[in-house]
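Q: Could you take a close look at a single part of this structure and describe how its residues are placed relative to the rest of the chain? A connected account, with the cut-offs behind each term, would be most useful.

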Amino acid sequence: MLKWAIISAVVAIVAGALGFGLIAGAAAGIAKILFFIFLVLFVILLVSAVFVGKKVKSAFSDKSDDIVRR
């Protein structure tokens, strides 16, 4: 997703430098949309990883305590 946002941004910069205003505007708009979608997904996955990571870590530590006790 981020790759496509970067590609769209580069296309917008090149098209803008060459004077293709309509193409540059469309590519810039696509790049903005893709970037914000990527940003939202990144934040959601980061927050879920923090919460799930804590549960997994506590589950493994409970099992390792059982193994040590035996």
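Helix α1 and the residues it faces

A: Ser 8 is found in helix α1, where helices (H or I, at least four residues) and strands (E, at least two) are DSSP runs numbered from the N terminus. The model is predicted, so local features need pLDDT of at least 70 and side-chain atom pairs count only at pLDDT 80 or more, while totals for chains, interfaces and linings use all residues. Residues are numbered from 1 along each chain as its sequence is written, and side-chain values use heavy atoms, with hydrogens and water left out.

The protein chain has two helices and zero strands, and buried residues account for 11% of its 70 residues; here buried means under 20% relative accessible area, exposed over 50%, and partly exposed in between (1.4 Å probe, protein chains only). About 5,700 Å² of the chain is exposed, 78% of this being supplied by carbon and sulfur atoms, with areas taken from the Shrake-Rupley method with a 1.4 Å probe and, for residues, only the protein chains shown counted as cover.

Helix α1 covers residues 2-18. At 1.5 Å a residue its 17 residues should span 24 Å, and the end C-alpha atoms are indeed 24 Å apart; the expected span is 1.5 Å times one less than the number of residues. The buried residues of α1 are Ala 5, Ser 8, Ala 12 and Ala 15. Because they cover an arc of only 95° around the axis, they sit on the same side of α1, the arc being that of the directions from the helix axis to the C-beta atoms. On the other side of α1, the exposed residues are Lys 3, Ile 13, Ala 17 and Leu 18. Just after the helix, Gly 19 takes a positive phi of about 95°.

On the buried side, Ser 8 has a relative accessibility of 13% and therefore counts as buried. Leaving aside neighbours within four places in sequence, Ser 8 is in contact with Ala 27, Ile 30, Ala 31 and Leu 34, contact meaning heavy atoms within 4.5 Å. Ala 5, also in α1, counts as buried because its relative accessibility is 6%. With neighbours within four places again set aside, the contacts of Ala 5 are Ala 31, Leu 34 and Phe 35. Ala 5 and Phe 36 are 31 residues apart in sequence but lie 9.2 Å apart in space, C-alpha to C-alpha.

On the exposed side, Lys 3 has a relative accessible area of 55%, so it is exposed. From C-alpha to C-alpha, Lys 3 and Phe 38 are 9.8 Å apart in space, with their positions 35 residues apart in sequence.

These phenylalanines lead to the aromatic pairs, of which the structure holds two; rings of Phe, Tyr and Trp (its six-membered ring) pair if their centres lie within 6.5 Å, with planes under 30 degrees apart counted as stacked, over 60 as edge-to-face and the rest as tilted. Phe 35 and Phe 36 form an edge-to-face pair, 5.6 Å centre to centre with 70° between the planes, and Phe 38 and Phe 42 form a stacked pair at 6.5 Å and 20°. Both Phe 38 and Phe 42 lie in helix α2 (residues 21-69), four residues apart, or about one turn of the helix. Phe 35, at 36% relative accessibility, counts as partly exposed, as does Phe 38 at 26%, and Phe 42 is partly exposed with a relative accessible area of 45%.
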